[in-house]
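Student: I am new to this structure and would like to be guided through it step by step. May we begin by looking at it together?

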Amino acid sequence: MDAVGVLVLAVVVLASAFFWVWDYLERMKWQEQAGLLRGESHTLLVIAHPDDEAMFFAPTVLGLARLRHRVFLLCFSAGNYYNQGEIRKKELRQSCDVLGISPSSVIVIDNRDFPDDPNVQWDTEHLASILLWHLAVNGINLVVTFDAGGVSGHSNHVALYAAMRTLHSEGKLPKGCSVLTLQSVNILRKYISLLDLPFSLLHTCDVLFVLTGKEVAQAKRAMYCHRSQLLWFRRLYVRFSRYMRINSLHYL
């Protein structure tokens, strides 16, 4: 086959893939609405540190906004590893404002029992009791948090999953409350941005959120609110990570 033939074949394959992806996303949009959109839906995003909401969960937060969910955010530390806790709490609220989360819906637990430290194991039962209280007080019917891999493997992320897993397995969650966990992917997929979309479509997940170009810019603005954290490698993360564009999630 000559070069022209190869080029034509490549164009046909790419065009077919494009239309397949577009059709899939249209169907996924209706699946999201059928599975997630409920009257007066209250969602609790549970994170470990200020910047998790933008760095990992922005597609979910903005996707839920499309579905008219009211999103609450519960952050279990002030991110005080480098004694920047007060600065980081302020940055978190600025980021949440960009993402459309009301200041009254943002809760930061600044407690010595939950230090921002990958070498400290947070107590599962203590986490679970605090989570249960916030679920009840805010009438939560959907929780979103990390999966067992914690996306980055950070022990504080994994601890949140363990607490939610415990509540779920012991049947302690409020009636009608579901839990979605953010899928961890390998390092190659993590840093190929939108090129990860075909892999995300081929791998089984319960919910998939993909941001539009306008929403990606919004997610980046939220991340840039965390000025104290914008070291060179995080700037590269914002540019290349699929988590700034794509979230695939699984139900517990």
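Student: What is the order of the strands in the open sheet of seven strands?

Tutor: The model is a predicted one. Its open sheet combines seven strands with mixed pairing. Read across the sheet, the order is S3-S2-S1-S4-S5-S7-S6.

Student: Which strands stand at the edges of the sheet?

Tutor: A strand at an edge has a single partner strand, so one of its sides is left without a neighbour in the sheet. The strands to which this applies are S3 and strand S6 (207–210).

Student: By how many degrees are neighbouring strands of this sheet turned against each other on average?

Tutor: The direction of the strands is ignored for this value. On average, the turn between neighbours is 20 degrees.

Student: Are the residues of S1 buried or exposed?

Tutor: Side chains in a regular strand alternate between the two faces of the sheet. In S1, His-42, Leu-44 and Val-46 point one way, while Thr-43, Leu-45 and Ile-47 point the other way. Both sets are covered, as six of the six residues of S1 are buried.

Student: In S2, which residue is the bridge partner of Leu-45?

Tutor: S1 and S2 run parallel and are paired over six bridges. Within this pairing, the partner of Leu-45 is Leu-73.

Student: Which residues touch the most other members of the largest nonpolar core?

Tutor: This core holds 64 residues. One residue to consider is Leu-73, whose contacts beyond four places in sequence include Leu-44, Leu-45, Leu-92 and Cys-96. The residues that touch the most other members are Leu-73 and Phe-76.

Student: Why are the buried residues of helix H4 on the same side?

Tutor: Helix H4 comprises residues 85–99, and its buried residues include Leu-92, Ser-95, Cys-96 and Leu-99. On the other side of H4, Glu-86, Lys-90 and Asp-97 are exposed. The buried residues lie on the same side because they cover an arc of only 165 degrees around the axis.

Student: Which strands do the buried residues of H4 pack against?

Tutor: The buried residues of H4 pack against helices as well, namely helix H2 (52–55), helix H3 (58–66) and helix H9 (213–224). The strands they pack against are strand S1 (42–47), strand S2 (70–75) and strand S3 (106–108).

Student: Which residue follows H4?

Tutor: The residue in question has a positive phi, near 90 degrees. That residue is Gly-100.

Definitions and conventions. Residues numbered from 1 in each chain as written. Predicted model: local features only at pLDDT ≥ 70, side-chain atom pairs only at ≥ 80, totals over all residues. Heavy atoms only, no water. Core = buried A, V, L, I, M, F, W, Y, C linked by side-chain atoms within 4.5 Å. Buried < 20%, exposed > 50% of the residue type's maximum accessible area, 1.4 Å probe, protein only. Contact = heavy atoms within 4.5 Å. Helix = DSSP H or I, 4+ residues; strand = E, 2+ residues; numbered from the N terminus. Expected span 1.5 Å × (residues − 1). Arc of directions from axis to C-beta. Pairing = 2+ DSSP bridges. Axes fitted to C-alpha atoms, helices over the stretch in contact; angles between N-to-C directions.
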